[in-house]
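Biologist: I should like to examine how the descriptive terms applied to this model are justified. Please set each value against its criterion.
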Amino acid sequence: MRPGPRSTVDRLDQPSAYYHNRNNKRRRNDHGRDGKDGSKDGDTEMTDAKPEEPPEDPLKNATTLYVGNLSFYTTEEQVYELFSKCGEIKRLVMGLDRFQKTPCGFCFVEYYTHQDALDCMKYIGGTKLDERVIRTDLDPGFEEGRQYGRGKSGGQVRDEYRDDFDEGRGGLGRAIQAERMREAERNRERDGHHEDDYGRLR
Amino acid sequence: MSRFHYPLKGHRRINRSSCLPRGCILRFLIAMADYDRRQPGGGGGGGYNSRKRRYRGKRRDRRLANGAVTDDDDYDRRPQRRRYDAPAHVRIRKQLLGLAESPLRRWHEDVQSIAQLIADGHDDQELQTTFLDLVPQMVIEQPLKIPFVAAVVLVVNSLKPELLDALLARITSTTEQRAKEGEWRDVKLYLKFLACLQSCLEGDGLFSVLEELFSRAVDLQTASSDDTIGTELVKIILLTIPYILAAAPSTQSQQKAAELMDKTDIIASEPHALQVLIDPYHTESGTESPAANMSLIGLLQKQLQNEAASGWSLSCLPRPWRMPLEEIEQQEKLDNAKKHTLPTISLPEKVTAGPRPLFPEIYFSVYIHQDVESVPTVNNIASSIIRDALLDTINVLHFNRNVTARFLIDADCYFAPGTFIKRATPFDRLREVDGDRSSWKPEDVAVDAVFSQLFQLPTPEHKLVYYHSVLTEACKIAPAAIAPSLGRAIRYCYQNSHCLDLELNYRFLDWFTHHLSNFGFMWKWTEWVEDVNLPDKHPYKSFILGALDKEIRLSFAQRIKGTLPEPYQALIGPEKEQDTPEFKFNNEHTPFSAEGKELAALLKRKATDEEIQPVIDHIHSAALDQAIDPLVTSTDIFMTAVCWVGSKSLSHVLACIERTKDRLLDAGAASEAARAQIITAVMNYWSSHPGVAISIIEKLLNYSIVTPNAVIDWALVSDRAGPYGQALSKAWVFELVFNTVVKVTSRLRQVVKGGVPEGLQEEITAMRELFKIMDDALVSWAQGTKDQLMDPVVSDGGEDLVKRWGERWLRVFRRRSAIEEAFLNENQTLVESA
């Protein structure tokens with residue numbers, strides 16, 4: 001991405017492995033970009049994967065950033081307040097739950113210049129917004145449809161099977177929540193029978 | 001397994017679906033880690049996006065702990081394979097980059113072992129290329145390590161002197177190139193490196209280069225008193241001298257240095273014409289600025305003279321080229337090593353300022369007014385040497401704030417032992433330090449350096465948010481050490497918020513709140529509790545109000561309230577906790593309530609213009625009946641309705657503005673009063689959330705629905721932003737005006753840089769007019785001739801405060817104006833052709 005000899009320290013304004021992996025390996029034609037859905041090991045091993053010299057780097061003049069790990073409660077105004085510190089924002093697209101049309105923890109921030117986007121990678125990515133460490137990644141640009149989560153239940157994929165309790169992102173993963181609810185239901189039914197039986201025996 | 005041994009090129013990617021057994025992959029990864037350790041040491045901070053580094057780090061720890069490669073797979077009982085050794089050039093890179101990072105300070109051992117590797121590998125082409133490329137790169141990317149890299153080179157010279165010819169040629173030609181481009185920092189860093197090599201240079205060595213630089217500086221300074229390049233050159237000379245004297249402390253060097261300093265004295269001691277413009281303090285007339293005698297080169301000149309008088313002890317500088325007594329053999333070899341002729345570095349015919357405009361510099365410190373010395377005093381050369389090295393580190397490494405922060409935390413590793421007190425020593429304990437030992441806190445020195453950039457006028461090299469992020473990272477790495485230092489810095493700035501330059505005051509506010517947002521909004525508000533009862537116009541109270549507003553913008557009112565002691569609670573009213581302000585026309589008693597509601601309903605269902613017009617017409621005729629301005633009335637109702645309909649989020653209101661922009665454009669163009677009313681409507685609707693209002697106004701400016709002049713007029717001339725000059729004390733009013741001015745000036749700069757003369761003259765005229773309007777308004781506030789201020793009926797004893805605010809505003813925008821004029825002056829040819 002950057003000509004010249006490699007620096008003696010890493011640069012923070014490089015696109016993440018996600019982008020390259022996606023472009024290089026899967027070539028999926030779907031929307032959104034929330035799914036680090038592969039197992040962790042896989043991602044780790046492929047961090048250094050480089051695209052096979054694409055004719056033109058689509059991120060060369062990127063002005064858009066994908067912003068991840070937001071709280072569902074973070075508002076556009078908060079994003080504006082923080083991200084304006086790197087330059088005027090041209091457009092902000094909040095990521096929404098596909099079904100409920102409520103924020104689901106990511107957004108796209110578009111600046112007027114590529115430099116502002118790079119600066120945002122360097123100075124804002126990995127810092128806190130609304131008391132959560134947020135993630136930024138260079139993005140080739142927003143397209144209609146990408147504002148929606150790609151998870152089964154409408155949110156981001158990562159919020160389906162997450163087994164840590166994250167209050168800012170709706171607690172446990174939704175699939176796990178649903179599973180627990182079913183289980184609780186079953187238990188209640190079973191316990192209910194139990195008690196009935198117990199009572200009857202008495 | 002042989003395929004996993006060197007060479008590994010083309011094997012970077014490891015496929016998860018590989019059919020190899022787990023143990024093999026792990027060992028392979030370990031070998032890879034050795035071969036391809038991208039950033040060995042290097043401050044230790046990787047990109048937060050890079051997961052692989054973390055993984056490797058874990059591996060490495062395990063290996064170090066066990067002394068051999070063992071991995072998770074205890075069940076793998078095959079014999080351990082010999083560890084794969086990286087090729088020499090890879091090891092050299094790793095070791096050079098990690099130089100001096102260890103707090104163990106085995107400088108001479110590290111230096112000798114690296115030098116030995118380089119000398120032994122004199123016929124290894126790859127190794128020599130790495131050496132030749134990496135040394136100059138380290139000099140400009142990791143300035144704190146310059147003396148250590150130089151020590152390696154000096155030892156190499158004692159082992160294989162012929163290796164130095166290519167290196168010196170490379171460094172001098174690059175220096176020449178950088179000088180041509182006006183990249184003066186790079187020139188300074190290369191010269192600093194060469195200064196550390198002075199002992200292996202023939203004759204006068206680097207002094208002749210400094211002489212040449214000085215003669216250029218004289219030419220420039222005699223040509224113009226406003227010249228800043230000459231000042232910069234003198235600064236470079238003065239900052240290079242101590243390194244020469246630390247490297248080659250001969251009487252001959254001292255003699256040369258004295259001669260040079262005699263000459264620089266005239267330039268360095270004369271206060272620069274531009275200095276008043278960039279003084280970080282703006283004291284009341286009659287009192288002297290604390291920075292009045294803090295010109296950077298003026299101080300340097302004096303510090304060097306002090307140092308010369310005391311025999312050039314230069315005690316803070318590391319001397320890794322000095323071997324300990326037990327290494328007497330190596331020391332002898334060093335002393336008797338071959339000397340080289342320094343290739344000539346010719347300066348360009350016409351020197352340029354480079355990509356960034358140069359300004360004279362002022363030494364700024366938030367700690368020099370303390371009763372105990374937690375940072376070097378301005379009489380001590382250490383203050384300049386350390387600050388200079390830290391600033392270069394900070395500004396060069398803008399692309400990895402984690403590494404920058406690491407360097408700042410480790411700053412004591414790169415200076416002579418005993419320069420600083422032990423890390424994280426509490427400030428109160430400094431009093432107990434013995435007289436002859438240093439009481440300089442490394443974290444104070446580091447924080448001070450970052451603050452000097454945050455408070456740099458006219459602007460620091462990078463966006464302000466970069467310096468915010470460096471402080472955030474430093475605080476994350478070593479909270480116990482950094483947080484108390486920041487606390488004292490904050491107190492200093494707060495206590496001086498009446499006499500800091502107003503622009504810097506705003507920067508401080510912005511940093512303070514952004515910083516708190518990264519650390520749970522925790523601050524000891526109790527210590528300012530008494531200031532809560534000050535009038536809102538008081539600088540302290542103004543700061544508190546501004547800070548709470550900014551905190552709320554980054555979070556939400558309830559959360560911030562929860563962090564505040566009781567006396568502050570009243571400052572955050574219930575209206576701040578309300579996300580969507582009331583629509584005033586929902587109240588039956590508001591005039592035109594019915595029309596307001598009707599317009600809102602129409603806007604909500606995205607009705608056509610034809611449906612809206614009759615309501616507007618109706619408002620107009622009703623207003624005429626009541627003898628009020630019809631257009632102002634309808635504009636207020638319409639714009640307020642737009643705000644309310646779009647109150648759900650900025651996207652909503654922007655979409656609504658987009659749909660109604662033609663109507664708004666017409667209204668804005670129709671009369672000055674209507675234009676002002678658009679702003680008033682937005683500001684009134686969002687009065688409890690000025691941040692939202694400012695964002696909306698910014699977009700209205702982009703659409704040209706309101707003009708910059710209208711915004712200035714609204715904020716500073718009319719008293720709509722706060723009666724009786726109160727507007728001037730509000731941080732958000734400053735923000736609104738400042739952003740508007742920046743929008744205008746950066747647009748003009750863009751046009752100039754675009755190089756197209758068409759339309760340029762109009763832009764210039766518009767900008768000058770804007771500054772003129774501001775000046776007129778602010779002068780009348782500053783001099784107390786403003787009508788509102790003179791009205792005795794409304795007098796509340798705060799006139800002096802208002803006058804003072806007026807003066808402070810005036811200074812900020814006069815400076816802005818001067819800087820823009822200077823910019824136009826530099827691009828005169830284009831401006832004239834327009």
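Modeller: In this predicted model, chain A holds an open sheet of 4 strands in the order β2-β3-β1-β6, with antiparallel pairing.

Biologist: What makes β2 and β6 of chain A edge strands?

Modeller: β2 (89-96) and β6 (135-139) of chain A each have a single partner strand, so one side of each lacks a neighbour in the sheet. Between neighbouring strands of this sheet the average turn is 25°, direction ignored.

Biologist: How do you know that β1 and β3 of chain A are paired?

Modeller: Pairing requires at least two bridges. Strand β1 (residues 64-68) and strand β3 (residues 103-111) of chain A are joined by 4 bridges in the antiparallel sense, so the criterion is met. A:Tyr66 lies opposite A:Phe108 of β3(A).

Biologist: What does helix α3 of chain A touch in the sheet?

Modeller: Helix α3 (residues 76-83) of chain A touches β1, β2, β3 and β6 of chain A, and its direction makes about 140° with that of β2(A). Contact here means heavy atoms within 4.5 Å.

Biologist: Which values describe the crossing of α14 and α16 in chain B?

Modeller: The axes of α14 (residues 381-396) and α16 (residues 442-454) of chain B come within 10 Å and cross at roughly 65°; the crossing is right-handed. Among the residues that meet are B:Leu390, B:Leu391 and B:Ile394 in α14(B), with B:Val445, B:Ala449 and B:Val450 in α16(B).

Biologist: How many residues of each class does the contact of α14(B) with α16(B) have?

Modeller: That contact of α14(B) with α16(B) has 8 nonpolar, 3 polar and 2 charged residues.

Methods
Residues are numbered from 1 along each chain as its sequence is written. Chains are lettered from A and ligands numbered from 1 in the order in which they are written. This is a predicted model: local features need pLDDT of at least 70, side-chain atom pairs count only at pLDDT 80 or more; totals for chains, interfaces and linings use all residues. Side-chain values use heavy atoms; hydrogens and water are left out. Axes are lines fitted to C-alpha atoms, for helices over the stretch in contact, and angles run from 0 to 180 degrees between N-to-C directions. Helices (H or I, at least four residues) and strands (E, at least two) are DSSP runs, numbered from the N terminus. A crossing is left-handed if the near helix is turned anticlockwise from the far one by less than a right angle, and right-handed if clockwise. Ala, Val, Leu, Ile, Met, Phe, Trp, Tyr, Cys and Pro count as nonpolar, Asp, Glu, Lys and Arg as charged, and the others, Gly among them, as polar.
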